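Have a look at the structure below and turn it around a few times. We will begin with a single residue and then work outwards to the chains.

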Amino acid sequence: MTAEAARLRIKTWICATVVVLANVFGNFFMKRGMPADLPTPLSYITALFRPWVTLGVALLILWLVSRMAMLSWADLSYVLPVTSIGYVLVALMGKVFLHEQIGVKRWSGILLVVAGVALVSAATPPQTDHGVEHGA
Amino acid sequence: MTSIYIAIIVLATTVGEVMQAMGMRRHGEIRDFRPTALGRAVATLARNRFVIASVAAMAVSFFAYMALLTVAPLSFAVPVTAVTYVLETILAKYILKERVTRLRWAGAGLVVCGVALISL
């Protein structure tokens, strides 16, 4: 069981990395490419073809697919907190690329998120009671 | 208008993500990541009722999110996601029957507080 648990943990970490990076960069590029307003239903469609938005959507599709793969073996109540490290990365990207100010309140929020992620990912297994034996 | 968008996003995301988890649970662990095996998995999933419904719900949430981004700053759009977080953890316990341990509740609580501080 320890070898199986280790295999599952490594696989979960790799997949979580893809989920988080695809989400963070997807949202960043979406925000970068979005027009100032969307007056008509058609403008939603045309907005999708702006280069940054297209790139963002492609990454968000990767996010959706990798998240689905991860949920095929990991609990939702595990995936939710662990992938929330993305909030922290978005804040850091805002600081690095958009030169936003991060005050004491934001830094303490970042610290709380990191603590929550560390707690769930290090101290609980990705999967609780359902079996892993049924194949894909 | 903003609160209507937020209500749509929260509801659609919560329903979509819980159904996504249900569909994938039903499918079972994906072990083979070679392209042909992944293609077969996608073909199977495309007939999975929960997966189809979850993609539909997440598309609704996506367009509502696009609309929200035009009227609200990103730092306001973020706390919305934290609301779905609490709802989904509760549904994970009662609908998906996951064993949400005290550590997981504590972790989820820390994340929600942290996100609130980051976004407010």
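## One residue up close

In this predicted model, Tyr44(A) has 15 C-beta neighbours inside 10 Å, so it counts as partly exposed. The reasoning is a simple check against two cut-offs: a residue needs 20 or more such neighbours to be buried and 12 or fewer to be exposed, and partly exposed is what lies in between.

Where does Tyr44(A) sit in chain A? You will find Tyr44(A) in helix 2, which covers residues 41-47. Leaving aside residues up to four places away in sequence, Tyr44(A) touches Leu38(A), and it also touches Phe63(B) and Met66(B). Try one more distance on screen: from Tyr44(A) to Met34(A) it is 10 residues along the sequence, and 9.8 Å in space from C-alpha to C-alpha.

## Where the two chains meet

Tyr44(A) has contacts in chain B, so let us widen the view to the two chains. In total, 43 residues of chain A are in contact with 40 residues of chain B. On the chain A side, at least two residues each come from helix 2, helix 3 (51-71), helix 4 (76-83), helix 5 (85-98) and helix 6 (104-123). Helix 6 of chain A gives the largest share, with 13 residues.

What classes of residue make up this side of chain A? There are 26 nonpolar, 11 polar and 6 charged residues on the side that touches chain B.

## Chain A as a whole

Now step back to see chain A from end to end. Its secondary structure consists of 6 helices and 0 strands, which gives the pattern α-α-α-α-α-α along the sequence.

The radius of gyration of chain A is 18 Å, whereas a compact globule of 136 residues would have one near 14 Å. Along the principal axes, the C-alpha trace of chain A spans about 55 × 40 × 20 Å. Of the 136 residues in chain A, 41% are buried. Take the contacts in chain A between residues at least 6 apart in sequence: 74% of them join residues at least 24 apart.

## A helix in chain B

Finally, follow helix 3 of chain B, residues 49-71. How far should its 23 residues span? At 1.5 Å a residue the answer is 33 Å, and the end C-alpha atoms are 34 Å apart, which agrees.

Several residues of this helix are buried, among them Val51(B), Ser54(B), Ala57(B) and Ser61(B). Met66(B), one of the residues that Tyr44(A) touches, is also buried.

Technical notes:
Residues numbered from 1 in each chain as written. Chains lettered and ligands numbered in written order. Predicted model: local features only at pLDDT ≥ 70, side-chain atom pairs only at ≥ 80, totals over all residues. Helix = DSSP H or I, 4+ residues; strand = E, 2+ residues; numbered from the N terminus. Contact = placed C-beta atoms within 7 Å. Nonpolar A, V, L, I, M, F, W, Y, C, P; charged D, E, K, R; others polar. Rg over C-alpha atoms; globule rule 2.2 N^0.38 Å. Expected span 1.5 Å × (residues − 1).
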